[in-house]
Amino acid sequence: MKIHGGLTAVFELQGKDYIAYIEEMPGVNTQGATIEEARSNLLEALELIIEVRREIAQEEQVGRKITKEEIKMVA
């Protein structure tokens with residue numbers, strides 16, 4: 001399955017640093033001295049959130065009959 005579009009990264013200058021978050025993913029947020037650093041940190045935060053959510057989902061699905069399929073986001 002493919003989803004067209006993507007996620008929205010928001011970067012806001014606060015003082016000397018940029019805060020960054022993904023609008024569609026609560027909990028995915030970070031900061032950096034530059035937009036580039038904030039972007040890199042944001043991608044790392046997103047990867048960590050997805051990894052943790054996968055682990056939690058797998059634990060919750062033990063013993064259940066589950067069908068899974070990968071969803072690809074296409075820009």
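**Exercise 1. Find which residues Leu46 contacts, leaving aside its neighbours within four places in sequence.**

Solution. This is a predicted model. Start at Leu46 and set aside the residues within four places in sequence. Four contacts are then listed: Leu7, Ile22, Met25 and Val28. Now turn to the largest nonpolar core. Leu46 belongs to it, and so do Ile22 and Val28.

**Exercise 2. List the residues of the largest nonpolar core, then say which elements give two or more residues to it.**

Solution. Step one: name the members. They are Ala20, Ile22, Val28, Ala38, Leu42, Ala45 and Leu46, seven residues in all. Step two: look for the elements. Strand β3 (17-22) and helix α1 (35-60) each give two or more residues to this core. Step three: find the largest share. Helix α1 supplies it, with four residues.

**Exercise 3. Decide whether Asn29 is buried, partly exposed or exposed, and find what it touches.**

Solution. First, place the residue. Asn29 lies in strand β4, which covers residues 29-32. Next, take its relative accessible area, 47%. Buried means under 20% and exposed means over 50%. Asn29 is therefore partly exposed, at 47%. Then list its contacts, not counting residues up to four places away in sequence. Asn29 touches Ala20, Tyr21, Leu42 and Ala45. Among these, Ala20, Leu42 and Ala45 are members of the largest nonpolar core. Last, look towards Lys72. Asn29 and Lys72 are 43 residues apart in sequence, and their C-alpha atoms are 22 Å apart in space.

**Exercise 4. Classify Val52 as buried, partly exposed or exposed, and give its C-alpha distance to Ile66.**

Solution. Val52 sits in helix α1. Its relative accessibility is 43%, so Val52 counts as partly exposed. Ile66 is 14 residues away from Val52 in sequence. From C-alpha to C-alpha, the two are 19 Å apart.

**Exercise 5. Describe the chain as a whole: its pattern, its radius of gyration and its buried share.**

Solution. Begin with the elements. The chain has one helix and five strands. Along the sequence they run β-β-β-β-α-β. Now check the spread. The radius of gyration is 15 Å, whereas a compact globule of 75 residues would have one near 11 Å. The C-alpha atoms fill a box of roughly 50 × 25 × 15 Å along the principal axes. Then turn to burial. Of the 75 residues, 13% count as buried. The chain exposes about 6,100 Å², and carbon and sulfur atoms supply 52% of that area. Finish with the charges. There are 9 positive and 14 negative charges, and their mean positions lie 9 Å apart.

Key: Residues are numbered from 1 along each chain as its sequence is written. This is a predicted model: local features need pLDDT of at least 70, side-chain atom pairs count only at pLDDT 80 or more; totals for chains, interfaces and linings use all residues. Side-chain values use heavy atoms; hydrogens and water are left out. The radius of gyration is taken over C-alpha atoms; the globule rule is 2.2 Å times the number of residues to the power 0.38. Buried means under 20% relative accessible area, exposed over 50%, partly exposed in between (1.4 Å probe, protein chains only). Accessible areas come from the Shrake-Rupley method with a 1.4 Å probe; for residues, only the protein chains shown count as cover. Lys and Arg count as positive and Asp and Glu as negative; His and the chain ends are not counted. The place of a charge is taken as NZ of Lys, CZ of Arg, CG of Asp or CD of Glu. A nonpolar core is a set of buried Ala, Val, Leu, Ile, Met, Phe, Trp, Tyr and Cys residues joined through side-chain atoms within 4.5 Å. Contact means heavy atoms within 4.5 Å.
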